[in-house]
Amino acid sequence: MAAAEPDMEPASAPCSEFLNFSAKDTAARWLTAVDLQQDVFRHLAVYVPRILCLGPTGVNSREEQREELACQLLLLAPLEWLLLGEEPAAGLARLQENNQPSPLCGHVFKVGEPTYSCRECAADPTCVLCMQCFLGSVHKDHRYRMTTSGGGGFCDCGDSEAWKKGPYCQKHTPTDTSRDTEEDPVAQLPADVVARCFSIFSIMLRYAVNLLTWDQEDELPAGLKPPDRADTFYCMLFNDEVHTYEQVIYTLQKAVNCSQKEAVSFATTVDREGRKSVRYGDFQFCEQAKSIIVRNTGRQSKPLRVQVMHSSVVAHQCFALKTLTWLGQIIQYSDGLRRILCQVGLQQGPEGENSSLVDRLMLNDSKMWKGARNIYHQLLMNSLLMDLEYKKIFAIQFAKNYERLQSDYVTDDHDREFSITDLSVQMFTVPSLARMLMVEQNLMSTIIRTFVDHLRHRDLQGRFQFDRYTAQQAFKFGRVQSLIGDLKYVLISRPSEWTNQLRLKFLEGLDAFLELLKCMQGMDPVVRQVGQHIEMEPEWEAAFTLQMKLTPIISMIQEWCCTDEHVLIEAYRRCLSALSQCHSGLPDGEQPISLNLAGHCVETFRYQVSQEKVSIHLPVCRLLAGLHVLLSRTEVASRAPEQLPLGELSPPLLIELPLRCLVLCAQVHAGMWRRNGFSLINQIYYYHNVKCRVEMFDKDINMLQVGASMMDPNHFLMIVMSRFELFHIFSSADVRKRYREANKDVVQQNNTLIEEMLHLIIMVIGERYVSGVGQVAPFDEVRREIIHQLSIRRMAHSELVKALPENGNKETGLERVIDSVASFKEPGVTGRGLYELRPEWNKHFNLYFHHYSRADQSKAEEAQRKLRRQNGEDTALPPPPLPPLSPLFASLVNLLQCDMLLAIEGAVLQWAVEPSGGGWTESMLQRVLHLVGMALLEEQQQLENSSIDDDIVTFNYTCKITRPGESPSPSGSVLALLESLQNAPHLEVHKDMITWILKMVTNIKTMRERTSATSSYTMSPGAGQEETARDRDKAERKRKAEMARLRREKIMAQMSEMQKHFINENKELFQQSLEELEASTSTAAHSSSPGLVPPCVSQVCVGPRRVGGADQRQLVTCILCQEEQEVKGHGRAMVLAAFVQRSTVLSKNRHRSLPNPERYDPVFQHPDLSLGIYTASCGHIMHATCWQRYFEAVQVKEQRRQQRLRGHTSYDVENGEFLCPLCECLSNTVIPLLPSTPSPNNSVDHPSLEAWINTTNQQIATLHSTYRRQTDGAAEEAEPEAPEGFRVDFTPQSSFSSSISEMINTFSLSTYKVTLKLNPNDADPRVPVLSWFTCAYTIQSIERLLMDEDKPLFGSLPCRQDDCLSSLTRFSSACWTVAPLKTTHTHFIRLFKALVPDSQDENTPCVIDIDMLHLLVYTVLSYSSVKSLDQCGRSGVDSAHLHILHLIIVAHMVQILLTSTTEDVCMDQDSGGSEEEELTCQLYDTLRKHLGSALPEVTSGWQLWRCVKAAILPFLRAAALFFHYLNSTAPPADLLVAGPGQWEALCSYLSLPCNLLQVYQSQHTLMELLIHRWCCHPDVRRSLQGGGVIVRFPRESNRLIDLPEDYSVLIYQASSFTCPRSGGDKSRAPTLCLVCGAMLCSQSYCCQTEVDGEDVGACTAHTFTCGAGLGLFLRVRESQVLFVAGKSKGCFYPPPYLDNYGETDQGLKRGNPLHLCRERYRKIERLWRQHGIAEVIGHAQEANHTLITIDWQHL
Ligand SMILES: [Zn+2]
Ligand SMILES: [Zn+2]
Ligand SMILES: [Zn+2]
Ligand SMILES: [Zn+2]
Ligand SMILES: [Zn+2]
Ligand SMILES: [Zn+2]
Ligand SMILES: [Zn+2]
């Protein structure tokens, strides 16, 4: 056989046999069968392969339907008949009717569907509601969170355990008829149905399970062998997560010879379903494909999995899946049936343990393909998890198999959502189930042990070691982490009641957990690197990942412990013993050293952080610290502290490791660990980070507090000093001196260390906001965090949330306190809502707040001082009042007055007194002052609280500081030192604080003297601080001025550099231009701007009476060379940077496809304006030559960039794009500046309309024959007589210099290129038309914008737009000069013929199909070229303009009357009737005469006139703009303001009668003739009778689509949106077009299409049909606006949806409910309508270069 055998045809369906099949009869036969299974199997063996042999690859949907139908009729229907004993539809309906459903909703979520969780009532964040249930629940008025489902999981409505309150929505509230959950639903079914159901379910479920777990490719289970076996096989390709889409697609093309498109489709299915047959044929044929695939993909990695499977095996597997789906559907009808299926599924098989059908599925889970897993998981959710009783049994089975399932998952390469282990969330989060599993299956220990088992990298001491672990291990590590998630579920809700069993199992679990922590204790130790920098950054992330994942678990375990005193004490004991084991190696080695100072003596380890190993990971210590704090909260602690297992470990041992860790941080800050690289810096960062600190840094501080509270404070401080390696500095003055003379680095290091140590002491004494340490509520703790965050600056809600640690429920507690401490500031249109600290909380500010980073601290300090200055207060930042300590920690205060601290304070103050040495710092002093302040506050507080009778205030700091210092430096007392420092000039900054302290001392003394503790003292603001404030302000101002100066200088330097460059390059030219300039300045310049001259009497902008266009001189400055230049026709060309783009903003027809560039005829624009060309400019002017040089430089830079292949630009140089050199605005061409039109020649005649038409007709005839002669050289016809003075052979003199002409050409060609996407071709006759096109369209767009924003027509445009329109219009009027005359003549002739038709010309569209503004602009501008041949000089061009305007106005009125009147305008409103109304009626009657019944009958002249007036207004306004810019006529005053009188002013400005109908009436005969001709055009009648889109006037402005108020509505819509290309599949990135409302399947292979030979994503493809290459979208899942322009540009933009805190949620990470902010949406809309999107993209890409690298075209 030849290798190239074609794919085989599928067996044709034996239709007749199928038709004769009777399900009822078959069921009847089965009912009497001896062995039902055998009979059913025989049936399946025959039919399944015949129905489900899919044949070759592509199965079309018709075939799929046929197959579906056959399955139902031949395979499932008999089963249903058998089951129900009657017609299935009727039977099922009866079942459902009698069903008493459980109140569970159980709605299974689709991917991307919105889910809601109540933040107040949900038991944990995994409890969610579907949209319907949510809307019907009480929670919609609570604080809720909204997220999008990742698929799977179901609605928890009705589960009373999931909700603390309101478990039922309206729909699922249990009624009387609903069944008691305890009752057996099977009892409600007829006995015979139950019996049959059991047997059918068990046969079919076993069948399905057998086949899905079947691993033979060529054989079938017994009883299923097909009667006639054919040689037909499938080559089945399986999914893996190793190979990329591209690899698979490429391989398939090679292996099975398919097209790219088919390969993409295969790959998509494989990815979605997990497997797909890619070839059908005989065995050989399939084997061949298999070997190619394996060979091709096996080179670098494991090859793709491919199996050659017999067609019957595949068919049965397909049917097995259908069976599962069928079972899932059947049980929906009855809870009884569901219960039976559960029983069948969990019934133990003959093999005993783990042999039930469900067990078999679970245990084979990782061997199945994705599609199969999905279907059976779905069935489990519909059955077992919906039945409360069986959910329990299933949970037990699941827990029994837990280890095995997890191990399978760890080695499986599918994502967790496709694994059976993912179901854990459904059971473990149910508190009663979790607790039951914990007690009966020892679940907590099982999970932890499984976890520990999978982490096998250990060092010699048995600690985890992740150093240099391989990618595969990393992958495994990633997978194992999901176990922590399970543990979290189990622990998430604390028990309200404990049983002994639970205590036992929990403590057993805790033991396992302590084993885990012991493996972490001391991992990743570091040793200080001296001399050389480390060679390789050590691995640290894995350890921290582990720490981070475990953090919530550790917290939860503590929460569990604190609910039961017995458990807590026992846990503490076990933790303590675990710590002792960890410490066993600690005191070994050398002799302890003993420290002596000021009469105190203590022994400690001989250990130095800077020289020996130290580790940041101390989870055992930290758990103990946590438990200790909890103990302190218990009653036992106050009642009988001796019962606590304290004191089993010596305090010095407790503090040792945490202290080392804190010293490490201090040394890192001091720069001692620089050579240890970034890995250490990162670790220190995370140690303090909000994600870890709760169970790291915070607990270390707690442990020091624990230790200090149990030790002599002097001993504690001595050990601390010793660990900081500072002991000798304080113990002997000599050492100190020696250090001061030592090298600078050491001095600095020691200074930092002292600062850090003082800070640590402050924290140990002052950090009391943990319930247990201080007497505070958890509430206070959060509030204090917020106060300190807001002391730095105002913050948005999300910033605050980020700064606070989350609990297991992802809550921070923020909402409970925020309103009491802060006020909310509403967001503007761009900002976000911010919280500001209420002033009464300022006094709680603590500069040494332990969670401040150094940067935070200095920012907060600055902000607070500034605030105090503003309030006229002194700038001292004294310590805040502190809450009292808990009894267990009460002795901490003694640290404040112990000898050692006094000695330290004395020493630092002494150093400050003699400042010359440099061996001290202000920070050091500041900290000492803070400590002194704390001590004084403590004393004051104690005095205040002591009652008369119990008068022993032991705390007597004031007394102690008056004693002279003892050692090492026998100096004055602390108080004396403070007094001498008070006026030290070098301590100006601290003066206020010292004053505060001294006042405080006096206060306390008075208090003691009075020995009454009632008076309270307030501090009066110290004198003199105002002065310092003023000084400081002055300094600040000076600094700012200096900064501004530097900035300016920098800019100037850049500019002059640029100029120099230009001047050097172009010396001669500049010389010349300088001379020119000098010459021209001699003639005085007047009025440099052509702008708005004060209006004089009746300004007219068109026609012979027009004014303006004077000989104003216009002087402009080049932004590049800074030279001034006059705009002159013969001068050097000046240009305006401009950006030309296609636009569909005004389009009334988005279905019209983009024009074919080759055949596009732009001479007549359709009024639907489906495509426009918009020109914008930033208004910056350059010499043409300067610009050319600049652009060349840009090109060269780009070439160099391309060579290096690095960096990107936000602009496309090849398409002529560049950034404006001044403002970086995206530009793609330049508009030349031209002088204004000369004033009208008043000496010429003004011929009548008729005369003008006649002359023009003659001129046209002359031109016609001339051109015909030129082309044909044909026989001489009777040559028409040329009008007088009209010389066809005349060549008009160009009024422009060559440089200007060149620039005119440049802009014309850019417009051409942008519009048609063709290479520039100046011979193309369309070139001038396109220039007129952009002029007309730009004017039209701007007119719309002004109208919609209620702005006056003139005077409200920004300068740059004004300049742009003016140069654009002048340019358009001149662009004919660079085109061949014949071209513009031909255009004029065509345009003129549309207005004054003679015979029917095929090429002329009818009057309905022409946009009149474009017609006006083109006709007026092209007329100049005809007029230029007229040498008689009898009439001016102006009268012609007016005639053209008149003609077009009548044509437009006709157009309006034809298209825009409807019957409902015909309401009778006849009241007298003005002249306008009568004339309008008359005109309308004329039209009806021509067109008869095609027009509705309208009798009301008033209505008609009103309609005409409204419809023609936009045209008149645009025409006024056009003539204003063309003729430089100042606008009348009435048009400079919005308001009444616009119509009259407009008409008079345009030289029109207010009654426009007079234009028609005054030339009645002529007009009647023209109207007749217009109406005769066959298209008029055709259009009116419904052939094609009719545009009505006035055209309504386009808006962006309406968006729903509630964002979740959008999410819901998007979740039901399916990809239009891949058969009902959910789209991964549904994206909404904001212009037309289309929903697209973005960022996905399935919906890529080809545009101009390139694959683009759905969004980009859509922009070409909807927005001419530009698009605005809303990415629904991301809550993000997307702007795209062309194929390569795009940016993201904040969405118009805000949460209640005035913030957007890009990426939908926070889940706060989002609501539409109309102002923001309007802002986006305005951006679009102003054609500003491309510019926004440009700026965004310039600001953020990563945006350039995004593959926008595939979105
Ligand atoms: Zn629901
Ligand atoms: Zn519900
Ligand atoms: Zn609620
Ligand atoms: Zn210049
Ligand atoms: Zn600019
Ligand atoms: Zn798609
Ligand atoms: Zn669209």
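**Two zinc sites in a predicted model**

The zinc ion (ligand 7) is held by the protein donors Cys1633 (SG), Cys1636 (SG), His1662 (NE2) and Cys1666 (SG), at 2.0 to 2.3 Å. The model is predicted. For the zinc ion (ligand 4), the protein donors are Cys1118 (SG), Cys1121 (SG), His1183 (ND1) and Cys1186 (SG), at 2.1 to 2.4 Å.

**Zinc ion (ligand 7)**

- Along the chain, the donors of the zinc ion (ligand 7) are spaced as C-x2-C-x25-H-x3-C.
- The four donor atoms of this zinc ion (ligand 7) subtend angles of 103 to 115°, so the arrangement is tetrahedral.
- Cys1633 has a relative accessible area of 2% and is therefore buried.
- Cys1636 has a relative accessible area of 34% and is therefore partly exposed.

**Zinc ion (ligand 4)**

- The spacing of the donors of the zinc ion (ligand 4) along the chain is C-x2-C-x61-H-x2-C.
- Two of these donors, Cys1121 and Cys1186, lie 65 residues apart and link distant parts of the chain.
- Cys1121 sits in the loop between strand S10 (1115-1117) and strand S11 (1124-1126), whereas Cys1186 belongs to helix H45 (residues 1184-1204).
- Angles of 92 to 120° are subtended by the four donor atoms around the zinc ion (ligand 4), which makes the arrangement tetrahedral.
- Cys1121 is buried, because its relative accessible area is 5%, under the 20% cut-off.
- Cys1186 is also buried, with a relative accessible area of 3%.

**Reference geometry**

- Ideal angles at a metal with four tetrahedral donors are 109.5 degrees.

Notes:
Residues are numbered from 1 along each chain as its sequence is written. Chains are lettered from A and ligands numbered from 1 in the order in which they are written. This is a predicted model: local features need pLDDT of at least 70, side-chain atom pairs count only at pLDDT 80 or more; totals for chains, interfaces and linings use all residues. Side-chain values use heavy atoms; hydrogens and water are left out. Donors are N, O and S atoms within 2.8 Å of the metal (3.2 Å for Na, K and Ca); water is not among the atoms, so sites may look incomplete. Four donors count as tetrahedral if all angles lie between 85 and 135 degrees; four count as square planar and six as octahedral if opposite donors are over 155 degrees apart and all others between 65 and 115; anything else is irregular. Helices (H or I, at least four residues) and strands (E, at least two) are DSSP runs, numbered from the N terminus. Buried means under 20% relative accessible area, exposed over 50%, partly exposed in between (1.4 Å probe, protein chains only).
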